[in-house]
Amino acid sequence: MTLHVSALDRDHGFYQKDLKIDLDLTPDHESVVTITPQTAGRFVAICDNFCGSGHGNMKMVINVE
Ligand SMILES: [Cu+2]
């Protein structure tokens, strides 16, 4: 599975330990990561680069079926 990820407004991180994703995202640049999940499930990714007041609640979900 290949993910294409972009930041729309400012720098962000995109981190998910179990899927071995650790990207630094910048606006106007598409980051690409290929993952090979070993199990199905719901994986919560976080932003790990401080990006402002909403940073602490910035979570993204990757559903692997
Ligand atoms: Cu952040």
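**Exercise 1. The loop residue T26**

In which loop does T26 lie? Describe the surroundings of T26 in this predicted model.

Solution.
- Step 1: T26 belongs to the loop between β3 and β4.
- Step 2: The relative accessible area of T26 is 31%. Buried requires under 20% and exposed over 50%, so T26 is partly exposed.
- Step 3: Leaving aside neighbours within four places in sequence, T26 is in contact with A7 and D11.
- Step 4: S6 is 20 residues apart from T26 along the chain, and the C-alpha atoms of the two are separated by 7.1 Å.

**Exercise 2. The strand residue S31**

Determine which strand holds S31, whether S31 is buried or exposed, and what S31 touches.

Solution.
- Step 1: Strand β4 covers residues 30-34, and S31 is found in it.
- Step 2: S31 has a relative accessible area of 9%. The cut-off for buried is under 20%, and therefore S31 counts as buried.
- Step 3: Not counting residues up to four places away in sequence, S31 touches L3, H4 and V5, and also L23, D24 and L25.

**Exercise 3. The copper site**

List the donors of the copper ion and classify the geometry of the site.

Solution.
- Step 1: Four residues coordinate the copper ion: C47 through SG, N49 through O, C51 through SG and H55 through ND1. The distances run from 1.9 to 2.7 Å.
- Step 2: In sequence, the spacing of these donor residues is C-x1-N-x1-C-x3-H.
- Step 3: The angles among the four donor atoms range from 76 to 122°. A tetrahedral label needs all angles between 85 and 135 degrees; the lower end of the range, 76°, falls outside that window, so the site is not tetrahedral. The assigned class is irregular.
- Step 4: For reference, the ideal angle for four tetrahedral donors is 109.5 degrees.
- Step 5: C47 has a relative accessible area of 5% and is buried. C51, at 9%, is buried, and H55 is buried as well.
- Step 6: How many disulfides does the structure hold? The number is zero.

**Exercise 4. The nonpolar core**

Identify the residues with the most contacts to other members of the largest nonpolar core, and the strands that supply this core.

Solution.
- Step 1: The largest nonpolar core has 14 residues; L3, F14, I21, L23 and I62 touch the most other members.
- Step 2: At least two residues of this core come from each of β1 (2-6), β3 (21-25), β5 (41-46) and β6 (59-64).
- Step 3: β3 contributes the largest share, three residues.
- Step 4: Take F14 as an example. Not counting residues up to four places away in sequence, F14 touches L3, V5, I21, D22, L23, L25, A45, I46, D48, M60 and I62.

**Exercise 5. The whole chain**

Summarise the fold and test the chain against the rule for a compact globule.

Solution.
- Step 1: The protein chain has six strands and zero helices, and its pattern along the sequence is β-β-β-β-β-β.
- Step 2: For 65 residues, a compact globule would have a radius of gyration near 11 Å. The protein chain has 12 Å, which agrees with that value.
- Step 3: The C-alpha trace spans about 35 × 25 × 15 Å along its principal axes.
- Step 4: Of the 65 residues, 34% are buried.
- Step 5: Among contacts with a separation of 6 or more, 47% are between residues 24 or more positions apart.

Notes. Residues numbered from 1 in each chain as written. Predicted model: local features only at pLDDT ≥ 70, side-chain atom pairs only at ≥ 80, totals over all residues. Heavy atoms only, no water. Donors = N, O, S within 2.8 Å, 3.2 Å for Na, K, Ca; no water. Tetrahedral: all angles 85-135°; square planar, octahedral: opposite > 155°, others 65-115°. Buried < 20%, exposed > 50% of the residue type's maximum accessible area, 1.4 Å probe, protein only. Disulfide = S-S within 2.5 Å. Core = buried A, V, L, I, M, F, W, Y, C linked by side-chain atoms within 4.5 Å. Helix = DSSP H or I, 4+ residues; strand = E, 2+ residues; numbered from the N terminus. Contact = heavy atoms within 4.5 Å. Rg over C-alpha atoms; globule rule 2.2 N^0.38 Å.
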